[in-house]
Amino acid sequence: MPFPTYAICDLFTSVQGEGGMVGRPFVFLRFWGCPLSCPWCDEPRHRDPAFRRMIALDPLLDAVERQTPGLKQLLLTGGEPLAVHHLDRFVSRLKERGWWVAMETSGIGGAVPDALDWITLSPKTPLPHFPVERASEIKFILGAEPDPAQETLIQWWRERHPALWLQPRWDGPSFPTLAAQRCLEKVLASNGRLRLSLQIHKWMGIP
Ligand code: SF4
């Protein structure tokens, strides 16, 4: 089998700022590239060739190990981790080394690796073929303006998963008050079915 290589753009340590893992420290690995092009994407570096770095499997594993010695929690993000070739091989090798591995995904890409410990799914469309039982939580990013298509999408997922988060979208450097108000109103009217996620890392000005 050929030695796989991976396109990455960031490796750093921080705390997870959103969703059910909020406050938990992780090594973050941001893969380069995504099959989608959401107009409000807040990670433009994943599509900028200047930030694309190719690295083979073993050097990547070693770089992850060296990032913060003793911290064995890794969060895969992007770009789109699920679109990464040989993702399952990378995750399996991490598990052999004792890592707890989480992933953030839009659900668009390849097969979901069996060995993942936590999956945050942030769907942009219905995903009738996604193994919904593998998603630990579902997250939606809401802007300030009503979006009927997104309302329909949230309803589609409400019927399929118990843990849904609504999170206001930052369109600039300031806290998105109007979007947060929209999220809050929906959460309070949901009879406990929805939860509010605020990105604490943005408040703190950390990655
Ligand atoms: S799926 Fe995520 S990473 Fe990809 S373009 Fe959309 S917001 Fe950006």
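**Group meeting talk: a walk through the chain**

I will begin with a single residue, glycine 98, which comes just after helix α2 and takes a positive phi of about 90°. Please keep in mind that what we are looking at is a predicted model.

Let me stay with the helix that comes before that glycine. Helix α2 covers residues 87–96, and its buried residues are Leu87, Phe90, Val91 and Leu94. These residues cover an arc of only 95° around the axis, and therefore they sit on the same side of α2. The general background is that an α-helix has 3.6 residues a turn, so residues three or four places apart point the same way. As for what that side meets, the buried residues of α2 pack against strand β1 (5–15), helix α1 (57–67), strand β4 (73–77) and strand β5 (100–105).

Stepping back to the whole chain, its secondary structure comes to five helices and nine strands, and from the N terminus on the elements run β-β-β-α-β-α-β-β-β-α-β-α-β-α. The radius of gyration is 17 Å, close to the 17 Å that the globule rule gives for 207 residues, so the chain is as compact as a globular protein of that length. Of those 207 residues, 32% count as buried, and among the contacts with a separation of 6 or more, 65% are between residues 24 or more positions apart.

Which residues have the most contacts inside the largest nonpolar core? That core has 40 residues, and the ones in question are Leu29, Phe31, Leu74, Leu76, Val101, Leu116 and Ile119. Strand β2 (residues 25–31) gives the largest share of this core, with five residues. If we take leucine 74 and leave aside its neighbours within four places in sequence, we find it in contact with Phe26, Val27, Leu29, Val64, Leu94, Trp99 and Val101; Leu94, you will recall, is one of the buried residues of α2.

Another part of the chain to look at is leucine 142, which lies in strand β7 (residues 137–142). Leucine 142 counts as buried because it has 22 C-beta neighbours inside 10 Å, where 20 or more are needed. Beyond four places in sequence, its contacts are Leu166, Gln167, Pro168, Arg169, Ala179, Arg182 and Cys183, whereas the C-alpha atoms of leucine 142 and isoleucine 8 are separated by 27 Å.

Finally, the ligand: the residues around it are Cys34, Leu36, Ser37, Cys38, Cys41, Glu43, His46, Gly78, Gly79, Glu80 and Ser106, and this shell divides into four nonpolar, five polar and two charged residues.

Conventions: Residues numbered from 1 in each chain as written. Predicted model: local features only at pLDDT ≥ 70, side-chain atom pairs only at ≥ 80, totals over all residues. Helix = DSSP H or I, 4+ residues; strand = E, 2+ residues; numbered from the N terminus. Rg over C-alpha atoms; globule rule 2.2 N^0.38 Å. Buried ≥ 20, exposed ≤ 12 C-beta atoms within 10 Å, placed from the backbone. Contact = placed C-beta atoms within 7 Å. Core = buried A, V, L, I, M, F, W, Y, C linked by C-beta atoms within 7 Å. Near = placed C-beta within 6 Å. Nonpolar A, V, L, I, M, F, W, Y, C, P; charged D, E, K, R; others polar. Arc of directions from axis to C-beta.
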